[in-house]
Amino acid sequence: MKATKETLSTKEQLLQTAMELMLAKGFTAVTVDEICEKTGITKGGFFHYFGSKEDLGKAALEYFWQLQMQMIQEMPFHSIKDPLKKMHGFLDSFAAFAKNPQIPKSCLIGNFSQELSATYPGIRTLCDKKFSMFADMLKQILDEAKAIYAPRLRVDTKSLAEHFLAIFQGALILSKAKQDTKVIEESIRHFRRYVASLFKS
């Protein structure tokens, strides 16, 4: 049992380091040697866990996703019963994320999608899957709000959820270019107004 814990701890250390470096520098710029140096793990130890750098990239993406889902599950909007208010609570939580200086304003899924979609189809497919899962989560809230507040509204709620993703990912890119997180807050505010107009709230 002790050996298993040590193994898991070592693997998580590799994933954490890879995630942080790839968020900061991108997938291509980060080398296995750099990850091994920062973690103090030999290349032999690295390849015990990952068959290739691509395998590491996929695992780091999954690791990032799990951390993000844990953060989202802890957001207060889940306790809101009314689905439209829950939607606004969701947007409040992401606006708070934009204001929090402790949270990096970068998304590994978005970064990998831009950098690797043409060269690593396996990673691109995984990015698409994660974006779709996020959109499905948001779609469920929108479906519930539509059923109560605008049952006759002709809107594709999955597409609307993906619209939020496009806005948020684009805002992350703009915030990096401008070095100003206010663009994220403004983008969320515009989406909030759009949702309010759709549901007449």
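Modeller: Before we start, a contact here means heavy atoms within 4.5 Å. Please also keep in mind that this is a predicted model.

Biologist: Thanks! Among contacts in the chain between residues at least 6 apart in sequence, what percentage join residues at least 24 apart?

Modeller: The count takes in contacts between residues at least 6 apart in sequence. Among these, the share that joins residues at least 24 apart is 67%.

Biologist: How many helices and how many strands are there in the chain?

Modeller: Reading along the sequence, you meet the pattern α-α-α-α-α-α-α-α-α. The C-alpha trace spans about 60 × 40 × 30 Å along its principal axes. The tally for the chain is 9 helices and 0 strands.

Biologist: And what percentage of the residues count as buried?

Modeller: To be buried, a residue needs under 20% relative accessible area. The chain has 201 residues, and the part of them that counts as buried is 43%.

Biologist: Let's look at one helix, then. Which residues are buried in α2?

Modeller: Helix α2 covers residues 32–39. Just after α2 comes G40, with a positive phi of about 75 degrees. Within the helix itself, the buried residues are V32, E34, I35, C36 and T39.

Biologist: E34 caught my eye. Which residues does K25 touch, not counting those up to four places away in sequence?

Modeller: K25 has its place in helix α1. Its relative accessible area is 41%, so K25 is partly exposed. From T157, K25 is 132 residues away in sequence and 35 Å away in space, C-alpha to C-alpha. Leaving out residues up to four places away, K25 touches V30 and E34.

Biologist: Now for helix packing. Is α4 roughly parallel or roughly antiparallel to α7?

Modeller: Helix α4 holds residues 53–73 and helix α7 holds residues 121–149. Their axes come within 10 Å and cross at roughly 10 degrees. Angles under 35 degrees count as roughly parallel, and therefore α4 is, with respect to α7, roughly parallel.

Biologist: Which residues of α7 make that contact with α4?

Modeller: On the α4 side, the contact uses E54, K58, L61, E62, W65, M69 and I72. By class, the contact of α4 with α7 has 10 nonpolar, 1 polar and 4 charged residues. The α7 side is made up of G122, I123, L126, C127, K130, M133, F134 and M137.

Biologist: What about α4 and α6: which residues in α6 are met by α4?

Modeller: These two helices pack at an angle of about 145 degrees, with their axes 9 Å apart. From α4 come G57, A60, L61, F64 and W65. By class, this contact has 7 nonpolar, 1 polar and no charged residues. In α6, the residues met are L108, I109 and F112.

Biologist: I'd like to explore the open spaces too. Which element gives the most to the lining of the largest pocket?

Modeller: The largest pocket holds about 590 Å³ of space. It is lined by 29 residues, and F64, Q68, M71, S106 and C107 lie nearest its centre. The elements that give two or more residues to this lining are α1, α4, α5, α7 and α8. With 7 residues, the element that gives the most is α4.

Biologist: By class, how many residues in the lining of that pocket are nonpolar?

Modeller: Two of the classes can be set aside: the lining of the largest pocket has 5 polar and 3 charged residues. That leaves the class you asked for, with a number of nonpolar residues of 21.

Biologist: And closed spaces? Which element gives the largest share of the lining of the largest cavity?

Modeller: The structure holds 1 cavity of 30 Å³ or more, and the lining of the largest cavity is formed by C107, G110, N111, Q114, Q169, L172, I173 and K176. Two or more of these residues come from each of α6 and α8. By class, the lining has 3 nonpolar, 4 polar and 1 charged residues. The largest share, 4 residues, comes from α8.

Biologist: One last stop, after α8. Is Q179 buried or exposed?

Modeller: Q179 lies in the loop between α8 and α9. Although Q179 is not a glycine, it has a positive phi of about 55 degrees. Most residues other than glycine have a negative phi. The relative accessible area of Q179 is 69%, and the cut-off is over 50%, so Q179 is exposed.

Key: Residues are numbered from 1 along each chain as its sequence is written. This is a predicted model: local features need pLDDT of at least 70, side-chain atom pairs count only at pLDDT 80 or more; totals for chains, interfaces and linings use all residues. Side-chain values use heavy atoms; hydrogens and water are left out. On a 1 Å grid over the protein atoms alone, a cavity is a set of points where a 1.4 Å probe fits but cannot get out, and a pocket is an open set with protein on both sides within 12 Å along at least five of seven lines; lining residues have an atom within 4 Å of a point. Grid points are joined across faces, edges and corners, and a volume is the space filled by probe spheres set on the points. Ala, Val, Leu, Ile, Met, Phe, Trp, Tyr, Cys and Pro count as nonpolar, Asp, Glu, Lys and Arg as charged, and the others, Gly among them, as polar. Buried means under 20% relative accessible area, exposed over 50%, partly exposed in between (1.4 Å probe, protein chains only). Axes are lines fitted to C-alpha atoms, for helices over the stretch in contact, and angles run from 0 to 180 degrees between N-to-C directions. Angles under 35 degrees count as roughly parallel, over 145 as roughly antiparallel, 65 to 115 as roughly perpendicular and the rest as oblique.
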